[in-house]
Amino acid sequence: MQEPSRVLLLAEKRVVSGALRRLFTADIAQAFYNGIYDDTNTPQFTESDDDDSDVPRASEFALLMPQPVLLWRFQIDGLQTTHYTKLPFPNFTIRLVQIDGKDICRPLDAFGRVETIKDIRVRVTVHNKWADVTSEILRRGPVTKVLEDGEVMIRDWVFHDTSHKNGGFFNIRISAIDFRDQIQDWCSENLSILSDKILFKKTRDLSRAAQAAADTE
């Protein structure tokens, strides 16, 4: 297997030779190429357009393109990892922070006011062990929210099935629609969603126990 640096150099040479072939005549292209790369393995440029051996491949362009740099990530506040079906899921907040977890530094405008963060659309989905089940579990369409000044609250969720029937757990996943290459995706730890019947049974048993204790006094 070739070393990454050698692969990158070969890819670069193919891109350069392909560009020179299309911009100049064969003699001028060859002269430019020899001036850039001082080696013996130089292509022989011809006036023929039939030879596409130096046409850069998509994978080689990918090697030369700058890779995206993640600048921000999501921080989730107030997410409850255990709850019950058919009951309102507790609200939680999505905040945008720097990739190291620190608050985003925001400059002051000309009037000395803190500048707000641009609105950013995010997609929030629920997954079971195997797939995206947002529509089936929440009984609503895809959840797209807008972070206003870097923050949004998720409210009015109701889970309509247990995690036990969905591979044992759910995950909430968040991905950016805007600034996709700069914001890191987020996935929650496993959520346990129990049947509401369990809660009702616990509540009933506690009520009966309290009543029995009161009767003995």
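Here are a few notes on a sheet, one of its residues and a group of aromatic rings.

1. Ground rules. This is a predicted model, in which local features need pLDDT of at least 70, side-chain atom pairs count only at pLDDT 80 or more, and totals for chains, interfaces and linings use all residues. Residues are numbered from 1 along each chain as its sequence is written, and side-chain values use heavy atoms, with hydrogens and water left out.

2. The sheet. Four strands make an open sheet, ordered β6-β5-β9-β10, with antiparallel pairing. Since β6 (143-147) and β10 (186-187) sit at the edges with a single partner strand each, one side of each is left without a neighbour in the sheet. Strands here are DSSP runs of E, at least two residues, and helices are runs of H or I, at least four residues, numbered from the N terminus; two strands pair if DSSP finds at least two bridges between them.

3. β9 against β10. These two run antiparallel and are joined by two bridges. If you want a spot to look at, Arg 173 stands opposite Cys 187 in β10.

4. Asn 171. You'll find this residue in strand β9 (residues 171-176). Asn 171 counts as buried because its relative accessibility is 6% (buried is under 20% relative accessible area, exposed over 50%, partly exposed in between, with a 1.4 Å probe and protein chains only). Its side chain makes polar contacts with two backbone oxygens: that of Ser 188 at 3.2 Å and that of Glu 189 at 3.4 Å. A polar contact is a pair of N or O atoms within 3.5 Å; within protein, one must be able to donate a hydrogen and the other to accept it, and residues adjacent in sequence count only if both atoms are side-chain atoms. Leaving aside residues up to four places away in sequence, Asn 171 touches Thr 125, Val 126, His 127, Cys 187, Ser 188, Glu 189 and Asn 190 (contact means heavy atoms within 4.5 Å).

5. Aromatic rings. The whole structure holds six aromatic pairs. Phe 89 and Phe 92 are one edge-to-face pair, at 6.3 Å centre to centre and 85° between the planes. Phe 92 also pairs edge-to-face with Trp 157, at 5.6 Å and 80°. That second pair links distant parts of the chain, with Phe 92 in strand β4 (residues 92-98) and Trp 157 in strand β8 (residues 157-158), 65 residues apart. Rings of Phe, Tyr and Trp (its six-membered ring) pair if their centres lie within 6.5 Å; planes under 30 degrees apart are stacked, over 60 edge-to-face, the rest tilted.

6. The cluster. Phe 89, Phe 92, Trp 157, Phe 159 and Phe 170 form one aromatic cluster. Phe 92 and Trp 157 are both buried.
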